[in-house]
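Let's take a walk through this model, starting with its aromatic rings and moving on to what packs around them. Have the structure open and follow along.

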Amino acid sequence: MLEGHADMSAIKRSLRGIAAAVRSRPWLFLAVALGVFALDILVPPLVLTLARKPVTAFTINPWLPSLPDYLASGRGSLGERLAKAWGLALFWFSADNSFGLEWGFAVTTADLARFAFMSLLVAAYFALWMERRAALPVAPWGRRAGGSGGVLGALGGIFGLSTSGCTVMGCGAPVLPVIGLAFAGLSSTTIKWMSELSVVATAAVLIGLASAIGWLGYRTGRAV
C-alpha cells in the first residue's frame, strides 16, 4: 500500500515538474513542438526529392469530407470504422515517371498522431532541460552537464526523425525509416529488415524520451 502511494507521489511530482517547465517557457515548447512536427512531415519527401526525383504532386485525400458521415453511419461496426479511419491516408506527396508512380509518401491518421506525440515529447524534454539548466549553479561543470543534456535531446530528436516509420507507396514495403527511403530499390529482404528495425527504433526513441522526461520532471518537481 505504501509502495503504491510512493509511486503515485513520484508520478504527481514528475507531472508537476513538467507542467512548471512548460508554463515557464511556453513559446520554446510551442516552437520546438511545431518544428519537430513539420520536420516529421517534410523530411521524407525532401529526402526522396534529393535522392530519387523531385515532388510533382501534393494531394489531400478527396474523401476526407465524407469521413464524419462514414464514422457516424458507415458500413461495419464502430470499431471497424475507427480502425479504417486510423489507417486512412490524409494526404500524400508523390513523384511521377514515364511508367507511372516513381515514389509516394502518404501520411495516415496514425502517422499524424505519432508525429504529434513525438513533437510533444521532444518539446517537453527541451523545456525541462532549460528549466534544469537554469537551476544549476553557474559553474563550469554545471554548464557542461547542461550542455550534454541539450545535445542528448537534440540527438534524440534527430534519431527519432531518421528512424520514424513512413508510409511509402510503390517501394515494396508499407513502412520504412526516413533514411531508408532513398534506397527503396534495395532487395525485398533488406527493405523488410529496415521496416522491422524502423518500428523497433521508433518505439525505443519514444520510450527513451518518455523516461528522460519523467526523470527530469521528477527532479524539477522537487523545487515546485
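A helix here means a DSSP run of H or I at least four residues long, and helices are numbered from the N terminus. Keep in mind that this is a predicted model.

With that in hand, go to helix H5, which covers residues 109-135. Phe126 and Trp129 sit 3 residues apart in H5, so about one helical turn separates them. Both are tucked away: Phe126 is buried, with a relative accessible area of 17%, and Trp129 is buried too, at 14%. The cut-off for that label is under 20% relative accessible area.

Now for the rings. The structure holds 8 aromatic pairs. In one of them, Tyr125 and Phe126 have ring centres 6.1 Å apart and planes at 80°, so this pair counts as edge-to-face. Phe126 also pairs with Trp129, again edge-to-face, with 5.9 Å from centre to centre and 85° between the planes. Like Phe126, Tyr125 is buried. Elsewhere, ring pairs tie Phe58, Phe91, Phe93 and Phe105 into a cluster.

Which residues have the most contacts inside the largest nonpolar core? That core has 20 residues, and the best-connected ones are Val32, Met118, Val122, Tyr125, Phe126, Leu209 and Ile213. So two of the rings we just visited, Tyr125 and Phe126, turn up again here. The elements giving two or more residues to this core are helix H2 (26-51), H5 and helix H7 (188-221). H5 gives the most, with 10 residues. In soluble globular proteins, nonpolar side chains tend to be buried together.

Leu209 is a nice place to look at the packing close up. Setting aside residues up to four places away in sequence, Leu209 touches Met118, Leu121, Val122 and Tyr125. There is also a second, separate core of 14 residues, whose members include Ile41, Leu67, Phe91 and Val107. Phe91, then, belongs both to that core and to the phenylalanine cluster.

Let's finish with a couple of arginines. Arg13 lies over the face of Tyr218, at 3.7 Å from the ring centre. Arg222 is in the segment after H7. Is Arg222 buried or exposed? Its relative accessibility is 54%, so it counts as exposed, the cut-off being over 50%. Finally, Arg222 and Arg16 are 206 residues apart in sequence, yet their C-alpha atoms are 8.8 Å apart in space.

Technical notes: Residues are numbered from 1 along each chain as its sequence is written. This is a predicted model: local features need pLDDT of at least 70, side-chain atom pairs count only at pLDDT 80 or more; totals for chains, interfaces and linings use all residues. Side-chain values use heavy atoms; hydrogens and water are left out. Rings of Phe, Tyr and Trp (its six-membered ring) pair if their centres lie within 6.5 Å; planes under 30 degrees apart count as stacked, over 60 as edge-to-face and the rest as tilted. Buried means under 20% relative accessible area, exposed over 50%, partly exposed in between (1.4 Å probe, protein chains only). A charge sits over a ring if NZ of Lys or CZ of Arg is within 6 Å of the ring centre and within 35 degrees of the ring normal. A nonpolar core is a set of buried Ala, Val, Leu, Ile, Met, Phe, Trp, Tyr and Cys residues joined through side-chain atoms within 4.5 Å. Contact means heavy atoms within 4.5 Å.
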